[in-house]
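Grab your viewer and try a few short exercises on this model. Each one comes with a worked solution.

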Amino acid sequence: METPLERLDAVHAEIAKACKASRRKPQDVTLIAVSKTHPIERIDPLLEASHRVFGENRVQEAQDKWPQLRERYPDVELHGIGQLQSNKAEDAVALFDCIHALDRTSLVKALGKAMDRLNKRVPCFVQVNIGSEEQKGGCAIEALPELLSEVRSADIPIAGLMCLPPADIEAAPFFALLAKLSQDNGLSGDAAGLSMGMSGDYATAVMLGATHVRVGTALFGARS
């Protein structure tokens, strides 16, 4: 059985391989270790191996785990990657260094007010419902320009776009579409990030421009 460090090395090697094939630099891709549902004792080995970027789905779970971990590792960068309820906006702003699921007007308003109250601007990825799936979060493709305008008006820093492609379908066309939407909407500089790719398809995502990949199972094994 592979150790956590061996799995981490393997994922970094895959990212480097994909970057080489697409003429990119590995340092331009942020590996987010998705630690949702995993206890502290499974997170510790990655922290001890100097990995510092992690992702959590739920605010409550992150509040239970990360304050004590951050006492030991104050340079941790914590990303909120799951669907976010508007009534959790202030908690999310206080806890996370980046939010990946900004997908609707009501959440824009809630996050904007929370950032004003806490005097903290948290970069956010705007989630796009890239496969037009009713059961998934994310703004409709045609609604993206208006939502981006609302985010800017609320003085929320835009980190880029995020998507979750449909399951059991080749992900590459959806990753390519997200990259095109970024270009079509004039996102550049710090706002040109692409949060896409998970354990089963992160190498493909990197080859198509991902700047952030959200990897859980390939690092931690099956969820508890």
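## Exercises around helix α7

α7 is followed by Gly 186, which has a positive phi, near 70°. This is a predicted model, where local features need pLDDT of at least 70, side-chain atom pairs count only at pLDDT 80 or more, and totals for chains, interfaces and linings use all residues. Residues are numbered from 1 along each chain as its sequence is written, and side-chain values use heavy atoms, with hydrogens and water left out.

**Exercise 1.** Check the span of helix α7.

Solution. Helices are DSSP runs (H or I, at least four residues), numbered from the N terminus. The expected span is 1.5 Å times one less than the number of residues. For the 13 residues of α7 (172-184) that should give 18 Å, and the end C-alpha atoms are indeed 18 Å apart.

**Exercise 2.** Work out how the buried residues of α7 are arranged around its axis.

Solution. Start with the list: Phe 174, Phe 175, Leu 178, Ala 179, Leu 181 and Ser 182 are buried (under 20% relative accessible area, 1.4 Å probe, protein chains only; exposed is over 50%, partly exposed in between). Looking down the axis, these buried residues of α7 fall within an arc of 155°, so they line one face. The arc uses directions from the helix axis to the C-beta atoms.

**Exercise 3.** Find residues other than glycine with positive phi, and classify their exposure.

Solution. Thr 37, in the loop between β1 (30-34) and α2 (40-48), has phi near 70°. Its relative accessibility is 30%, so Thr 37 counts as partly exposed. Ser 50 has phi near 75° and, at 55%, counts as exposed.

Conventions. Helix = DSSP H or I, 4+ residues; strand = E, 2+ residues; numbered from the N terminus.
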